[in-house]
Every structure is written in C-alpha cells, then in structure tokens.
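Welcome! Let's walk through this structure together, one step at a time.

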Protein chains: 2
Amino acid sequence: MDREWNENQPIYRQLRDRVVAMILDGVLREGDALPSVRNVATEYRVNPLTVLKGYQQLVEEGLVESRRGLGMFINAGARKLLLEGERQKFLTEEWPRVSATIQRLGLRAEELLDGTNNRKQADSAKPKPKESKTPESSKEDR
Amino acid sequence: MDREWNENQPIYRQLRDRVVAMILDGVLREGDALPSVRNVATEYRVNPLTVLKGYQQLVEEGLVESRRGLGMFINAGARKLLLEGERQKFLTEEWPRVSATIQRLGLRAEELLDGTNNRKQADSAKPKPKESKTPESSKEDR
DNA sequence: GCTAGTGTTATAGTTAGCTATAACAGGAGA
DNA sequence: TCTCCTGTTATAGCTAACTATAACACTAGC
C-alpha cells in the first residue's frame, strides 16, 4: 500500500477509505482482522490515535467490530452493506461534481469511462501530449 | 450560486474552484471583475478573510490581478491557462481515483452517462435495487 | 473634500486534525 | 506468571481553517 497521503482529506478518513477499498476488492474478507492499530501507525508513520479514529469510523458504520485485546474484525455482511452504501454516496455526492468537471474541461466522459471499464490498469495518467487541436473547441469561442 | 459548502474541503478552496468554474463556463470573462470580497462574504455568510484567501489563490496562479480600491480582475489568457492546467490536474490527480472507485463499485458507463447527459437533475440516487445478479459478480467470488 | 465602494492588514479567539508520550485494559501462549 | 500482542484513554502541544471586529489604504464620482 501507498505510504502517502492526499492533503485534501484528513488522514483518518483516507485510512477508512483504504480499508473500505480492501473490503470491496476482497483483500480483506468478513471475519478477517484489520491490520492492528499499532502496526499501521508505525508502518505509515502516523499517530496511533489517528489510525484508531479511522477505524472507529468503520465501527460506527457497523462494518467492523472491536474486540479489546484481540483486534478489529470485519463484520458479516460488511461487503454488501458497503456496496450499497458506497454506491449511493458516490452517485449522489461525488459523480455529479466529477461529471460537471469533465464537461467543463471539454473532456469526453465516454472516453474516460472506456479506459475505466476496459483496462485493468489505470494507466490513464497521460492526457496525450498532442494538444494542438483539442476537442473543447466548441467552448473555446465564447 | 449555491450557498452551501462541502465539508470535505476548505471553504477558500471551494471559492477558488467556483470562480474557476465560472471562468471555464464563460460566466466570467477575461477583463471582468470578480464579485467583490465584501459582497461575497455577506452573500455567502462567510468571513471576508476567507474570501480573500480564496481569491489570492487565483492571484498566485496568475489568473487574476488585484487592483486596490478597484477590485480583482481576470487576466487575459486566464481561460486558456485554466483549460490546460485544470485538465492536467484532473486527469492525473482526480480521475485515477474516481476511476478506481467506479470499478470497485461495479458501476457501468451507461448508468453514469444517463444521469449526466439526458437529465438536468441528478436523480441518480437509486442504483437499481435489483441486486440479485450484479455486474461485479466477477469479483464476488474471491 | 467627502462618500462609498474597492482590497488589505491587525488582533484575537475557536475548532478540527494531528502529533508525542505515557499509561491503562484485556487476550493468548510459553 | 511473564511476555507480547491487541484496543483504549489521558495529557498536552502544534497548525490550519475559520470566525468577529476593526482599522488602514486606495479609487472614482459627486
């Protein structure tokens, strides 16, 4: 896993999101223990309290259960719960904003999504250096 | 404009982003004055210093020039600069994350494009309750 | 010069997020 | 019991973001 943080969002929420991603991706399965608070803290060079805070988000969401002295464990049904909840959240809170940005920038949502669905790898980092005649010409003339 | 703030990001950056959006959308044109710091502050019920901070981001980016006693004005070339810079930023910093999320949630291009192009409203809140056989079944069996 | 509109700076207080350090509490295995 | 692993709480300090309030600096129009 990546050891770097996005400065746009608090670390504890990013931690929460990473665990969620691991559950959705099947890296962590129901019944599994999360990596321990202390381990994560040292490995990511972050304060244990910050990790705990991230994990407690998951507890509050009913995804994870904490057993003192043992660890934090993924609840049964967590994946299904997540799949629904995160979809909802993405579609109502994130996608509209992203979609608006795409349009604003004169990018084509279809092309971007193509790259999403067809490839396993997200090698979408390169926006094709040839930018002499870009597709936003429709907007250019305001 | 909306009078509400996204709690995930500082207000001053959201202000900056809104101005950028207005420039890209052609609502504000090069040479135009931005709405005054004080006006924005009262209208959005935000501290003038916060607005100023947002505006000064734009100054630092070379998009806007400030003339004391007169106002803040959009520089020539701002739109072009923005189109390139924001695209770059979006494609390298934002889209990869979003794309990964889309895959993870097993969302499909059609669902996403529907709400974007056909409807003005984002009534996309319902991800289709029929989830007996979802498209992420390829992942379901890990 | 006065007034009303601009941007800008100064002071000071609150909150959220993160940090370091330490101690407390419980389970598992030698 | 002792040791080592868990989660948890307590103290205290730092910074960024935001706030309120006030004053300063400049421009344009009367």
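To follow the tour, it helps to know that helices are DSSP runs of H or I with at least four residues, that strands are runs of E with at least two, and that both are numbered from the N terminus. Keep in mind, too, that you are looking at a predicted model.

With that in hand, start with chain A, where you will find six helices and two strands. Read from the N terminus, their order is α-α-α-β-β-α-α-α. Chain A has 142 residues, and 23% of them count as buried. Among its contacts with a separation of 6 or more, 53% join residues 24 or more positions apart.

Next, look at helix H4 of chain A, which covers residues 78-104. Its 27 residues span 37 Å from the first C-alpha to the last, close to the 39 Å expected at 1.5 Å a residue. Follow H4(A) along and you will meet a kink of about 45 degrees at Glu94(A), shortly before the proline Pro96(A). The buried residues of this helix include Leu83(A), Phe90(A), Leu91(A), Trp95(A) and Ile102(A). Just after H4(A) comes Gly106(A), with a positive phi of about 70 degrees.

Finally, turn to DNA strand D. There are 24 residues around it, and those that come nearest are Ser36(A), Val37(A), Pro10(B), Ile11(B) and Gly69(B). Two or more residues of this surface come from each of helix H2, helix H3 and strand S2 of chain A, and from each of helix H1 and helix H3 of chain B. Sorted by class, the surface near DNA strand D holds 13 nonpolar, eight polar and three charged residues.

Key
Residues numbered from 1 in each chain as written. Chains lettered and ligands numbered in written order. Predicted model: local features only at pLDDT ≥ 70, side-chain atom pairs only at ≥ 80, totals over all residues. Buried ≥ 20, exposed ≤ 12 C-beta atoms within 10 Å, placed from the backbone. Contact = placed C-beta atoms within 7 Å. Expected span 1.5 Å × (residues − 1). Bend = angle between axes of the 7 residues up to and from the residue. Near = placed C-beta within 6 Å. Nonpolar A, V, L, I, M, F, W, Y, C, P; charged D, E, K, R; others polar.
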